[in-house]
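Student: I would like a close look at one part of this model, the helical packing of the first chain, and then at how that part sits beside its partner chain. Please take me through it in one connected account.

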Amino acid sequence: MPTRYSTPAIALHWLLALLIIGSLGIGIYMTGLSMSPTRLKLYNWHKWAGVTILLLSAARLLWRLTHQPPADPPMPAWQAQAAHAAHWLLYALFFAVPLVGWAYSSAAGFPIVWFGVLPLPDFVSPDKALAEAIKPWHGRLAYLLAAVVVLHVAAALKHQFVDRDGLLLRMLPQRGA
Amino acid sequence: MNHLVPVLASLTLVAAATSAGAQAVVPAQSEISFVSKQMGVPVEGKFKKWTAQIALDPKKPEAGKVSFVIDTASAGFGAAETDAEVPKAAWFNVAKFPQASFTSTAVRATGPGKFEVAGQLAIKGSTQNVVVPVTVAQSGANSTATGAFTIKRLDFKIGEGEWADTSMVANEVQVKFKLALTGLAPL
């Protein structure tokens, strides 16, 4: 069993961490703005980032399912189980949050054009009532994702600074490599 | 014989009225919409309130006249945040320019059921010459006229100030229409 995650897994983890935290931040900030070119720009960046997260998460899931992750350091069984449950919940939300956002955008009549170049198919047909029904779910799921991310980070920090078991090293780029 | 003269005269009048008379637009089956591209995303809006006066004899299109008056306040994309912006000074400035209009200057046939209507489009105090291709399809007494043309929004100062940036909202705006008409003479 390997002692650390593979380089592609580490690269995808940190790239997605940046994209997801960035999208959550932009998402919270942009919804409070009044209509302006800045708001329009942020909404589009948020959507482009969301589609990128969806694609990278698909690649990451495939990698995860075909490559052995490193062993857990010694810890109580309930902690290991909770960690694994949180990881699979994170994966589920990596797909659910962008997909529900995409569906909302389609239903609201704003198709997504990835990076302003590639028009994506409408997930559902434009329907104002449906858009209003979907909208709160994108937010709820995103806040759930944010909460699990906070838990995930808190647990990693606990392992690093309280347990001092080197768990975090498994996900850090190898020094001098 | 003397009685025939007024009858013939009135028949001629009726014929003249049918061929050159005005056509009525069926509002429920008609639509004027526009497509604007925002960061590459096509977004379709509609004008909900407008009136049209159309007098066209397909056999003599040169004599035809077409005019539209559009309530700028009735424009919307169907999304509350966007629709609240449309009437503002930077966009249609509805308070100062409540109406946009199109008045034809020349109509000509370009093929079977196809016409080209040249005219003046006045929006927000600016007037531009446009040429509008129109396709007419008939089914019994009902006719449908459809077409689309592209205008440059900045020619009409639609989207001023920070919104004048065409990398955010494209300068080209496609205007599309579908008009259900009654009373149009056969093609």
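**Helix packing in chain A and its setting**

Tutor: Read from the N terminus, chain A of this predicted model has its elements in the order α-α-α-β-β-α. That makes four helices and two strands in the secondary structure of chain A, and the C-alpha atoms of the chain fill a box of roughly 50 × 30 × 25 Å when it is taken along the principal axes. Of the 177 residues of chain A, 20% count as buried. Among the contacts in chain A that join residues at least 6 apart in sequence, 71% are between residues at least 24 apart.

Two packed helices are described by the angle between their axes and the distance between the axes. Beginning at the N-terminal end, helix H1 (residues 7–30) of chain A meets H2(A) with axes that come within 9 Å and cross at roughly 150°. An angle over 145 degrees counts as roughly antiparallel, and H1(A) and H2(A) are therefore roughly antiparallel to each other. Their crossing is left-handed, and the residues of the contact between H1(A) and H2(A) divide into 17 nonpolar, seven polar and three charged.

One residue of the H1 helix can be followed individually. A:Ile28 lies in helix H1 of chain A, and this residue counts as partly exposed because it has 13 C-beta neighbours inside 10 Å, where burial would need 20 or more. The C-alpha atom of A:Ile28 is separated by 31 Å from that of A:Gln81, a residue 53 positions away along the chain.

The other helix pair to examine is formed by helix H3 (residues 77–107) and helix H4 (residues 128–163) of chain A, which pack at an angle of about 155° with their axes 8 Å apart. By the cut-off already used for H1(A) and H2(A), over 145 degrees, H3(A) and H4(A) are therefore roughly antiparallel to each other. The crossing of H3(A) and H4(A) is left-handed, and by class the contact of H3(A) with H4(A) has 22 nonpolar, three polar and one charged residues.

From the helix pairs we can turn to the partner chain. Here 14 residues of chain A are in contact with 14 residues of chain B. The largest share of the side of chain A that touches chain B comes from helix H2 (residues 37–66) of chain A, which supplies four residues. Sorted by class, the side of chain A that touches chain B has eight nonpolar, four polar and two charged residues.

Chain B itself has two helices and eleven strands, which follow the pattern α-β-β-β-β-β-β-α-β-β-β-β-β along the sequence. Buried residues make up 25% of the 187 residues in chain B, and residues 24 or more positions apart account for 58% of the contacts in chain B with a separation of 6 or more.

In soluble globular proteins, nonpolar side chains tend to be buried together. The largest nonpolar core of the model has 29 residues, and those that touch the most other members are B:Trp50, B:Ala52, B:Ile54, B:Ile70, B:Leu179 and B:Leu181. Several strands of chain B each supply at least two residues of this core, among them strand E4 (50–55), strand E5 (65–71) and strand E11 (169–182), while E8(B) gives the most, with four residues. Leaving aside residues up to four places away in sequence, B:Trp50 touches B:Ile32, B:Phe68, B:Val69, B:Ile70 and B:Asp71. A second, separate core of 19 residues includes A:Val113, A:Ala131, A:Ile134 and B:Val41.

Two loop residues of chain B complete the picture. B:Met39, in the loop between strand E2 (31–38) and strand E3 (41–47) of chain B, has a phi near 50°, a positive value in a residue other than glycine. With 19 other C-beta atoms within 10 Å, B:Met39 is partly exposed. B:Asn93, which is not a glycine either, has a positive phi of about 45° and is placed in the loop between helix H2 (80–83) and E7 of chain B. B:Asn93 likewise counts as partly exposed, because it has 18 C-beta neighbours inside 10 Å.

Methods: Residues numbered from 1 in each chain as written. Chains lettered and ligands numbered in written order. Predicted model: local features only at pLDDT ≥ 70, side-chain atom pairs only at ≥ 80, totals over all residues. Contact = placed C-beta atoms within 7 Å. Nonpolar A, V, L, I, M, F, W, Y, C, P; charged D, E, K, R; others polar. Axes fitted to C-alpha atoms, helices over the stretch in contact; angles between N-to-C directions. Parallel < 35°, antiparallel > 145°, perpendicular 65-115°, else oblique. Left-handed = near helix turned anticlockwise from the far one by under 90°. Core = buried A, V, L, I, M, F, W, Y, C linked by C-beta atoms within 7 Å. Buried ≥ 20, exposed ≤ 12 C-beta atoms within 10 Å, placed from the backbone.
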